[in-house]
Amino acid sequence: MRQMAMRWILALGALAVAFAPTQTRANRLDLSLGRFVECDAFGRCSPRIAEYEKFLAEYAFGLSPKILAPAETLGYSGFYLGLEGTLTTIPVSETYRWKAGTAPADSYPGVMFVPTIHMRKGLPWSFEIGGTINYLAQSEVVALGMDVKWSLFEGYRKGLRGGLPDVAARGSVVRVLGQSDVDMTIVGVDGSISYPFGIGGLVTLTPYGGAQYLWTIVRVEPLVYREEGNPPTFEPPVGDRYNMTGLSGPNLERLKLFLGLRFGYEVLSITAELGWGVAKEWETSVVDQTYPLPTGASFDETQTQTDVGDQLNISLGVGLDF
């Protein structure tokens, strides 16, 4: 079993290396939000707010908190240390927003890969705390996460109550670091249910499932248009930057449903999980006014319906649970 654990860890490490930045593919998933403000040769600029909000919703989903654990806790003396990895799909249709939102333009991978170091500690009264260190491959993005879980019916394994599943509620937060264009924090609240099945007194299989609601809180850097010659016909004077506050700071919301299975043998824990980011529509403001504003003028805003499509993330974790 230890050889199996080592193989899984090496496989995750190989994925991390494969998606790591190189000289030819460096920083392909770093943010470049200035491209969502389009400027002409005369310096008149207008923001593409709907595409910008769709892109941020899809990008944040790849960095959102993962579950990768059944509803039961580790027990008041338990501890878990694991290496995890998550692949998140990137929409292949309407690729304009991904070409605009990431650097370099017109070059991004088909998936987001996030390797993670995950630590969890059991506490009395069926509570558990956890922390994660996440890295978005092919970028400079690092995300630090924390979570708190409470299992409501944990420990009832005898008598009539022995048939009750474990039910847990959890709150989590991920703080995204390493990008100057945006300040991003992702908050999640989830509920899960699971039940362990023992096999031969040595192996435990624990299927679990649930739902998670996500909020992505965004604040855009006010002055982020720094790229000369984008579009090629526009070359701003040295030091000239355009006010990007028209892109706004939307509080994006997303529902995710998840299913997983944990395999346990002695201290070895292997967990696989499938998450489905449900498609969502929302109303957003579209600014019908170019920059810079004439003296005394104001934004002319209209409301439009925008949407984000389904996304999947597939996660695998290998760790020690003791």
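Is Asp-190 buried or exposed? I looked up its relative accessibility, found 5%, and therefore entered Asp-190 as buried. For this term I used under 20% relative accessible area as buried, over 50% as exposed and anything in between as partly exposed, with a 1.4 Å probe and protein chains only.

I note that the model is predicted, that local features need pLDDT of at least 70 and side-chain atom pairs pLDDT 80 or more, and that totals for chains, interfaces and linings use all residues. Residues are numbered from 1 along each chain as its sequence is written, and side-chain values use heavy atoms, with hydrogens and water left out.

**Salt bridges**

I counted a salt bridge where a side-chain nitrogen of Lys or Arg lies within 4 Å of a carboxyl oxygen of Asp or Glu. The structure holds 9 of them.

I found Asp-190 in a salt bridge with Arg-170, at 2.8 Å from N to O. This pair links distant parts of the chain, with Asp-190 in strand E10 (residues 182-194) and Arg-170 in strand E9 (residues 166-177), 20 residues apart. I took helices (H or I, at least four residues) and strands (E, at least two) as DSSP runs, numbered from the N terminus. Arg-170 has 7% relative accessibility and counts as buried.

I next examined Arg-97, whose side chain meets that of Glu-58 in a salt bridge at 2.8 Å, N to O. Glu-58 lies in helix H2 and Arg-97 in helix H3, so the pair ties together parts 39 residues apart in sequence. I recorded Glu-58 as buried at 1% relative accessible area, and Arg-97 as buried at 5%.

The side chains of Glu-51 and Arg-97 also form a salt bridge, at 3.5 Å from N to O. Here Glu-51 in helix H2 and Arg-97 in helix H3 (residues 96-101) are 46 residues apart. Both Glu-51 and Arg-97 are buried.

**Aromatic rings**

I paired rings of Phe, Tyr and Trp (its six-membered ring) if their centres lie within 6.5 Å, with planes under 30 degrees apart as stacked, over 60 as edge-to-face and the rest as tilted. By this rule I obtained 10 aromatic pairs. The ring centres of Phe-55 and Tyr-59 are 5.5 Å apart and their planes stand at 40 degrees, so I entered the pair as tilted. Phe-55 and Tyr-59 are 4 residues apart in helix H2 (residues 49-63), about one helical turn. Phe-55 is buried at 0% relative accessibility, and Tyr-59 is buried with a relative accessible area of 0%. I noted one aromatic cluster formed by Phe-36, Tyr-52, Phe-55, Tyr-59 and Trp-98.
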